[in-house]
Amino acid sequence: MAQFLQAVVDGVLGGAVYALMAAGLTLIFGVMDIINIAQGILVVLAAYLSYALSVHLHIDPLLGLLITVPAMFVLGVAIEWAFMRRLRGRERVAMSLLVSYAVAVIIEGALYQAFGSTPVGYLPSYAIKSVHIFGFYLPYIYLIGFGLAAAALAAIYLMLYRTKFGRSVRATMQDKVAARLVGINVDRVAALTFGIGVAVTAAGGMVFGATNTFNPDSGYDLISRLLSIVILGGLGSIAGALVAALFMVTAEEIVNIWQPTWATAVYYAVLVIVLLVRPTGLLGKREARAQ
Amino acid sequence: MSAGNLARLTAIAALLAFGFAFPLVFTNPAVTNDAIYTLIFVAWAAAWNTFSGYSGYLSLGHAVFFGSGAYFTGIATRDWGLTGSEVFWLLPLAGLLGGVIALPFGLFALRVRRHTFVVITIAVFFIFQLTAYNLATTGGTSGLLAPPINFASATYNNPFYYIAFGIAVGTVLFSWLIRRSRFGLQLRAIRDDEDRARGLGVRAMRIKIGAFVFSAVPVAMVGGLWWYYTALVDPSSGFDPLNDVAVALMAFFGGLGTVAGPVLGALVIEPSYLYFQQQVSAGYFFWMLYGALFLVVILVLPRGIIPTAAEQIGNWRERRRSKGADAALLPQATTDAGRAKELA
């Protein structure tokens, strides 16, 4: 029972970080109608940035976020401007997947070139120490990750629902043509949204890097989890991504207690079962199904 | 028979003759080795296109069939103690297995459309890869080795070459037949507007599943052949996500939804991939080059070579014809005619 509760607590804390990374993915989808397959490798790239800062420049990864978040934001805007904006026509959906995959391959190659394939990791002091409350052992890094994710998700929420820019983002999500007609610069909204969606990987990657060893190959595992989460939650729904991430990661932690080798399969099994019952995902809109 | 048809038939016959004679002319095993891999991808891309190209449902999960075919052939060879060319008889069974797997996969995945469908195919793909890692019978991380084969070394590659060639030709023929048939028309109606097609009486689910199952068969067959030729399958090589994307790239490069496009794409991309891999061995620079090529293809030639070229030739013919008919016709009018044709 204690093991079970510990798994639930770990799942909720870890799930928040996945929720943040998935929120970026689903936000990009909602605004631009594309799935950014590169999200997984971008998380790994952010983890390597934190690694390089902490090992070579001795900058604490947490402090390093001041550098990595803007850097990832700029990279996201650049990817949108250089490639995503140029996709037009009937096969746009398919092409956007392939283009973001190509971007992922290039980044993966660059990471292999720069860092090699040996798994690396960094252990800031707060990744080793843990706090003991209510009978649970909670590593500080989990608490920091949870706090970061909660703060970033709250910021995204406030941005979407309390600012003028957020209103134009939501308008673009609802109807691109109408948004353009009322004077919203849809291209600008798309670029900034892509930037924000990628910038959250900086925080996610920092926590991921501090809790796992990783190499450039880790991107595949991450993207398959993130995709499962956003589809389960319902494409384009941030609340859905949040619920799905907490649920999936907790389920994985629980299965992990007695079946470590099959724990990852939980993601896909849950996804398959839910979609059989509800093809739009947990909180997805009906439109998500229309061609 | 029109001149165009005659030219086309001659070209096909020449291509077939070239394919037949290839291992007799190029006896260097390094060359036939590349040819075998290329033919495997010709079959895979053509099969993938009969589903994804015609129906518009982008599958990034066909490696499920490739890996299943490879593992099935490997396990059956080991458990039934097959050797030498006996193993080749397993390939039709591997194809059958691919079709059997595709049925429930399709029944489940084809309930959703667009992005969700793509992601479901990726998810199913990872379930299969994980299963291959975890089961005892698949050999886990170390995978399955093929038994040594006692073919004469000078012509060692030839049986593999001709079987790959046969599967590739059969798949392309099959793709052509589908495209000409009512079934192919229904598939393309689904691609253009699924709801409207259903309104017109197309039984969309059946048609989609049919195409999905058919497209799985050749992929599973070349998967089995690939295992026997490469002599090793492990979870990351049998179920390789890069193969799925490479096949999609081949189809896009040549022309998605055309018969010849994926073939052309595979014939261009796979040999250049192998060449780069062998030449640019310095680190992972090759990866970046591949990704960049990928981007260029999609951004510069979004509709693929064959449709773009067909349009250019059509425009050129149009221009020549109208020049002959009325020399005074302004070039502006002819380009408009070309454009109208393109729109139609």
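**Notebook: chains A and B**

I began with the secondary structure of chain B, and I counted 15 helices and 2 strands in it. I then looked up its radius of gyration, which is 22 Å and close to the 20 Å that the globule rule gives for 344 residues, so chain B is as compact as a globular protein of that length. Along the principal axes, I noted that the C-alpha atoms of chain B fill a box of roughly 75 × 50 × 45 Å. Of the 344 residues in chain B, 46% are buried, and among its contacts between residues at least 6 apart in sequence, 79% join residues at least 24 apart.

Since this is a predicted model, I checked confidence next. For chain B the mean pLDDT is 83, with 92% of the residues reaching 70 or more. Within chain B, I found the highest confidence in helix α9 (residues 204-230), at a mean of 92, and the lowest in helix α15 (residues 331-343), at 46. I marked residues 328-344 of chain B, where the pLDDT is below 50, and noted that this stretch has 12 contacts in the model beyond near neighbours in sequence. For the complex, I copied down an ipTM of 0.77 and a pTM of 0.81 from the predictor.

I turned to where the two chains meet, and I found 39 residues of chain A in contact with 39 residues of chain B. On the chain A side, the elements that give two or more residues are α4 (92-115), α10 (218-233) and α12 (265-277) of chain A, and the largest share, 15 residues, comes from α4(A). By class, I recorded 27 nonpolar, 8 polar and 4 charged residues on that side of chain A.

I then asked which residues touch the most other members of the largest nonpolar core. In this core of 200 residues, they are A:L98 and B:A164, while α9(B) supplies the largest share of the core, 17 residues. I followed A:L98 further and, leaving out residues up to four places away in sequence, I found that it touches B:V245, B:A248, B:L249, B:F252 and B:I298.

My last entry concerns two strands of chain A, β1 (residues 130-133) and β2 (residues 136-139), which run antiparallel and are joined by 4 bridges. I saw that A:I133 stands opposite A:F136 in β2(A). The two strands β1(A) and β2(A) form a hairpin with 2 residues between them, and in the turn I noted that A:F134 has a positive phi of about 50°.

Notes: Residues are numbered from 1 along each chain as its sequence is written. Chains are lettered from A and ligands numbered from 1 in the order in which they are written. This is a predicted model: local features need pLDDT of at least 70, side-chain atom pairs count only at pLDDT 80 or more; totals for chains, interfaces and linings use all residues. pLDDT is the predictor's confidence in each residue, from 0 to 100. Two residues are in contact if their C-beta atoms, placed from the backbone, lie within 7 Å. A nonpolar core is a set of buried Ala, Val, Leu, Ile, Met, Phe, Trp, Tyr and Cys residues joined through C-beta atoms within 7 Å. A residue is buried if 20 or more other C-beta atoms lie within 10 Å of its own, exposed if 12 or fewer, and partly exposed in between; C-beta atoms are placed from the backbone. Ala, Val, Leu, Ile, Met, Phe, Trp, Tyr, Cys and Pro count as nonpolar, Asp, Glu, Lys and Arg as charged, and the others, Gly among them, as polar. Two strands pair if DSSP finds at least two bridges between them. The radius of gyration is taken over C-alpha atoms; the globule rule is 2.2 Å times the number of residues to the power 0.38.
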